[in-house]
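Me: Please give a close account of one part of this structure, namely the pairing of its charged side chains. I should like to know where the partners sit, how accessible they are, and what surrounds them.

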Amino acid sequence: MGSRWNIEHATVITMPIDQVWARLVDTDNWDWNLWTRLETSEVKAGNKGKLQACYKGDDAKWETFDFTFGPVDKYGLTWIGSVGPRGILFYGVHTMRLEKIDETTTRLMHTEEFSGLLPKLGWGLPYKQLNENYLKMNNAFKTYVEAKA
């Protein structure tokens with residue numbers, strides 16, 4: 001059974017999928033993203049990094065979390081964060097996946113699945129704010145990518 005806090009947003013971007021993917025995995029240039037930054041040596045399955053989160057998107061207060069990349073394939077990027085042995089307290093799987101609609105249009109599917117004791121109780125993260133922020137992230141990424149067209 002999924003968490004009541006799971007997130008899913010879809011955004012259509014007017015740009016070919018390969019160009020969208022190149023910008024998505026360029027995590028050194030996520031200045032468009034006021035809510036989440038990924039610090040990592042390389043976007044590759046198994047690599048570890050630091051996730052910086054600014055829940056208000058105001059660049060005032062950033063929190064840092066450890067993460068590990070999960071599957072990274074042709075058009076999908078997943079990172080995982082956990083607290084406690086085997087994620088018993090918290091386990092989050094964050095995915096940004098691209099789908100080709102046609103030659104010039106791409107769909108961004110942005111999801112996060114939460115499990116563990118903290119999400120079950122509604123503790124640990126501002127889940128409602130995260131839901132809003134992920135949609136804002138999608139829209140900011142769309143604006144950034146389409147401006148580079």
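Reply: Lys-50 is a suitable starting point: with a relative accessibility of 36%, this residue counts as partly exposed. The model is a predicted one, and every value given here is computed from it. The partner of Lys-50 is Asp-66, and the closest N and O atoms of this salt bridge are 2.4 Å apart. The two residues link distant parts of the chain, since Lys-50 belongs to strand β3 (residues 48-53) and Asp-66 to strand β4, 16 residues away. Asp-66 has a relative accessible area of 54% and is therefore classed as exposed, as the cut-off for that class is over 50%.

Side chains of opposite charge can pair when their charged atoms come close. Over the whole structure, the search finds 6 salt bridges, and two others besides Lys-50 with Asp-66 are described here.

One of them joins Arg-97 to Asp-73, with an N to O distance of 3.2 Å. This pair, too, connects distant parts of the chain: Arg-97 is in strand β6 (residues 90-102), Asp-73 is in strand β4, and 24 residues separate them. Arg-97 has a relative accessible area of 31%, and so it is partly exposed. Asp-73, at 37%, is likewise partly exposed.

The other is formed by Asp-18 and Lys-74, whose closest N and O atoms lie 3.8 Å apart. Asp-18 is in helix α1 (residues 17-24), whereas Lys-74 is in the loop between β4 (63-73) and β5 (76-83); the pair therefore ties together parts that are 56 residues apart in sequence. Asp-18 is partly exposed at 46%, while Lys-74, at 57% relative accessibility, counts as exposed.

The setting of these pairs is a chain with 3 helices and 7 strands. Read from the N terminus, its elements follow the order β-α-β-β-β-β-β-β-α-α. The radius of gyration is 15 Å, close to the 15 Å that the globule rule gives for 149 residues, so the chain is as compact as a globular protein of that length. Along the principal axes, the C-alpha atoms fill a box of roughly 45 × 30 × 30 Å. Among contacts with a separation of 6 or more, 53% are between residues 24 or more positions apart. Of the 149 residues, 42% are buried.

Two of the elements that hold salt-bridge partners, α1 and β6, are also among those that cover the buried residues of α3; β1 (7-13), β2 (36-40), β7 (105-115) and α2 (117-121) are included in this cover as well. The buried residues of α3 are Tyr-127, Leu-130, Asn-133, Tyr-134, Met-137, Asn-138, Ala-140, Phe-141 and Val-145. An α-helix has 3.6 residues a turn, so residues three or four places apart point the same way. Helix α3 comprises 21 residues (127-147) and, at 1.5 Å a residue, should span 30 Å; this agrees with its end C-alpha atoms, which are 30 Å apart.

The surface also has a nonpolar side. The accessible surface of the chain is about 8300 Å², and carbon and sulfur atoms account for 53% of it. A nonpolar patch of about 570 Å² is formed by Val-83, Ile-88, Leu-89, Leu-117, Leu-121 and Trp-123. Within this group, Val-83 is placed in strand β5 and, at 40% relative accessibility, is partly exposed.

Two further charged residues deserve a note for their backbone. Asp-59, in the loop between β3 and β4, has a positive phi of about 65° although it is not a glycine. Its relative accessibility is 55%, and Asp-59 therefore counts as exposed. Arg-86 lies in the loop between β5 and β6, and its phi is also positive, near 55°, in a residue other than glycine. Arg-86 is exposed, at 85% relative accessibility.

To return to the charged pairs, strand β4 provides Asp-66 as the partner of a residue in β3 and Asp-73 as the partner of a residue in β6. The loop that follows β4 provides Lys-74, which is tied to Asp-18 in helix α1.

Technical notes. Residues numbered from 1 in each chain as written. Predicted model: local features only at pLDDT ≥ 70, side-chain atom pairs only at ≥ 80, totals over all residues. Heavy atoms only, no water. Salt bridge = Lys/Arg side-chain N within 4 Å of Asp/Glu carboxyl O. Helix = DSSP H or I, 4+ residues; strand = E, 2+ residues; numbered from the N terminus. Buried < 20%, exposed > 50% of the residue type's maximum accessible area, 1.4 Å probe, protein only. Expected span 1.5 Å × (residues − 1). Contact = heavy atoms within 4.5 Å. Rg over C-alpha atoms; globule rule 2.2 N^0.38 Å. Areas by Shrake-Rupley, 256 points an atom, 1.4 Å probe, with all protein chains shown as cover. Patch = residues over 30% accessible without salt bridge, like charges linked within 9 Å, V, L, I, M, F, W, Y side chains within 5 Å.
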